[in-house]
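Student: I've got the model open and I'd like to go through the labels on it. Can we take them one at a time and check each against its criterion?

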Amino acid sequence: MAKSKKRKTTGTRAARNRARPAPVSPSLGGTWWPPFPSGRVAQTQAMVFQLQQTQWWPEERLLARQLEQIRLLGEFARRTAPFYAGRLDTITGLAPGSLTLDAFRRVPVLKRADIQDVGEGLFSRAPPPEHGGIHRMRTSGSTGEPVHVRTTDVAGMMNTAVSLRYHLWHRRDFTGKNIIIKGLKSNIDVQKGESWVLGYPTGPSMAFNQTLPPNDLFDMVIREDPHYLQCRPYALGELIRRSRELGVKPGRLREVRTVSEVLGDELRRQCRHAWGVPVSDNYSSEEFGILAVQCPDHPWNHVQSEKVLLEVLDDEGRPCPPGKLGRVVVTALHNFATPLIRYDLGDYGELGPACPCGRGLPVLRRIAGRERNLVVLPTGEKIFPVLDSDSVIFNLPIRQYQMIQKTLEMIEMKLVVERPLKAAEERQLREYYCRSFGHPFRFQFVYVDEIARAASGKYEVFRSEVGG
Ligand SMILES: [Zn+2]
């Protein structure tokens with residue numbers, strides 16, 4: 001969008017509205033209002049219009065359309081992506097409309113290691129030209145296993161469309177100021193954007209580099225005074241901690257959106273309590289983009305079924321019923337550059353019963369984390385510890401913390417503190433976490449100046465180094 005000349009107005013809302021440029025396509029044969037969207041904006045908005053209908057479809061109807069789309073994708077993948085040549089027998093060579101869920105579930109699950117091994121064999125040799133440009137991306141692989149995936153303009157457009165629907169669900173005011181704390185190039189602290197919602201004139205949009213010290217980030221947020229803030233849950237915890245420390249809070253903030261890490265109920269409560277605003281969450285991955293976003297009426301996510309088919313499977317590969325934790329396995333419906341069919345993301349999640357809001361999009365009740373976030377008990381049993389522990393941390397002079405399971409009996413707790421903890425305080429921490437872990441582990445406290453994040457910017461409160 002061209003830079004509009006900054007015209008000084010009288011400062012009234014009416015004057016500001018008069019001065020605002022036309023939202024999109026300002027020059028279609030002299031038209032100005034309502035705007036006539038064109039190109040990518042028009043395509044995305046037409047898609048959002050459809051998504052606003054399909055969200056109310058019954059789950060079975062959504063599933064039938066997904067399966068037919070997957071049948072077409074499967075035929076395409078078998079023909080053009082060498083890796084899939086002999087892998088899709090149960091879903092190819094079928095008449096239109098005849099792919100069943102059972103047949104689909106017989107396609108072997110694709111592991112991250114498979115993708116690394118086959119390399120280029122996973123890419124289509126002939127992505128449809130009408131799907132637009134090809135974008136290469138390398139997922140950071142927070143455990144050091146990078147994966148190469150290609151995607152298309154069409155797949156990107158679907159992502160933008162579901163992101164726009166997410167904004168509409170939560171009735172966000174696009175004239176508000178939006179700040180995102182995320183990974184930026186290391187030499188960039190602040191990046192200014194033009195619009196934070198495709199196709200709409202928005203309030204100011206800025207990104208802050210998530211690697212800046214938390215206290216600096218807090219000062220920047222206070223200075224810029226945004227209406228909306230998007231960040232990882234861990235960063236939100238740090239901002240709230242600093243806010244309490246200084247007794248200062250963001251004045252105009254209406255909502256926080258979290259991404260990329262597991263959001264706990266306790267942090268939602270803390271944000272509501274400290275800042276008086278709700279947190280909405282969004283589950284995405286680098287390979288697929290947005291997978292599920294929070295219901296406008298309930299604190300859980302809806303799978304974005306018009307773009308992905310998401311399964312939760314047990315260790316034997318059987319579908320988990322709602323309420324049972326299992327592996328998240330995803331099929332992307334529209335990526336014809338790198339067909340990803342039944343790809344095991346490495347996350348553990350849990351589906352829920354149908355949402356009372358009436359949407360047919362399946363409920364993803366929670367995402368618990370990755371395999372390395374499981375604590376291994378001396379019995380060999382693995383469980384996801386409940387680490388909704390910010391209340392105990394908030395009451396101690398702790399700036400940063402992280403727990404690493406080193407052996408079957410010992411957990412190392414790294415701490416960045418304002419002053420060394422007293423023995424009673426260490427004991428309090430240990431007791432608290434041992435209850436979460438379900439075992440009386442030995443704790444080793446290690447005081448450090450800083451706890452580094454993974455290269456991806458992800459911050460894990462707990463991870464286990466006990467293999468197997
Ligand atoms: Zn809902």
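Student: Where does Arg-171 sit?

Tutor: Arg-171 is in the loop that runs between α6 (153-169) and β3 (178-182). Keep in mind that this is a predicted model.

Student: Why is Arg-171 called exposed?

Tutor: Count the C-beta atoms: Arg-171 has 9 others within 10 Å. The cut-off for exposed is 12 or fewer, so with 9 Arg-171 counts as exposed.

Student: What makes the phi of Arg-171 worth a remark?

Tutor: Its sign: phi of Arg-171 is near 50°, which is positive, and the residue is not a glycine. Most residues other than glycine have a negative phi.

Student: Which other residue has a positive phi of about 50° although it is not a glycine?

Tutor: Asp-225 has one. Asp-225 belongs to the loop between α7 (214-224) and β6 (228-231).

Student: And is Asp-225 buried or exposed?

Tutor: Exposed, with 12 other C-beta atoms within 10 Å. The limit reads 12 or fewer, so a count of 12 still qualifies Asp-225.

Student: How do you know that Glu-238 is buried?

Tutor: Glu-238 has 21 other C-beta atoms within 10 Å. Buried takes 20 or more, so Glu-238 passes with 21. Glu-238 is part of helix α8.

Student: How far is Glu-238 from Val-48?

Tutor: Their C-alpha atoms are 35 Å apart in space, with the two positions 190 residues apart in sequence.

Student: What about Glu-130: buried or exposed?

Tutor: Glu-130 has 9 C-beta neighbours inside 10 Å, so it counts as exposed. You'll find Glu-130 in the loop between α5 (112-118) and β1 (134-139). Its C-alpha atom is separated by 9.1 Å from that of Asp-153, 23 residues apart along the chain.

Student: Back to α8. What makes the crossing of α8 and α9 left-handed?

Tutor: Helix α8 (residues 233-246) and helix α9 (residues 265-275) pack at about 35°, their axes 10 Å apart. Left-handed requires the near helix to be turned anticlockwise from the far one by less than a right angle. An angle of about 35° fits the size part, and the crossing is assigned as left-handed.

Student: Which residues make that contact?

Tutor: On the α8 side, Pro-233, Leu-236, Gly-237, Ile-240, Ser-243 and Arg-244; on the α9 side, Leu-267, Gln-270, Cys-271 and Ala-274. By class, six are nonpolar, three polar and one charged. Gly counts as polar, so Gly-237 goes with the polar ones.

Student: Now the sheets. What is the strand order in the open sheet of 12 strands?

Tutor: The order is β4-β5-β3-β6-β7-β8-β9-β10-β14-β13-β12-β11, and the pairing is mixed.

Student: Why are β4 and β11 called edge strands?

Tutor: Each of them, β4 (190-193) and β11 (308-313), pairs on one side only. The twist averages 35° from one strand to the next.

Student: How do you know that β14 pairs with β10?

Tutor: Two strands pair if there are at least two bridges between them. Strand β10 (residues 301-303) has two with β14, in the antiparallel sense, so the requirement is met. Asn-301 is partnered with Leu-364 of β14, and His-302 with Val-363.

Student: How many bridges join β13 and β14?

Tutor: Six, also antiparallel, with β13 spanning residues 343-352. Asp-347 has Arg-370 of β14 as its bridge partner.

Student: What makes β14 mostly covered?

Tutor: Six of the eight residues in β14 (residues 363-370) are buried.

Student: Why are β19 and β20 at the edges of the sheet of four strands?

Tutor: That sheet is open and mixed, in the order β19-β18-β17-β20. β19 (442-447) and β20 (462-464) each have a single partner strand, so one side of each has no neighbour in the sheet. Here the twist averages 20° from one strand to the next.

Student: In which sense does β18 pair with β19?

Tutor: Parallel: β18 (residues 410-417) and β19 share six bridges. One bridge pairs Ile-411 with Phe-443 of β19.

How values were computed: Residues are numbered from 1 along each chain as its sequence is written. This is a predicted model: local features need pLDDT of at least 70, side-chain atom pairs count only at pLDDT 80 or more; totals for chains, interfaces and linings use all residues. Axes are lines fitted to C-alpha atoms, for helices over the stretch in contact, and angles run from 0 to 180 degrees between N-to-C directions. Two residues are in contact if their C-beta atoms, placed from the backbone, lie within 7 Å.
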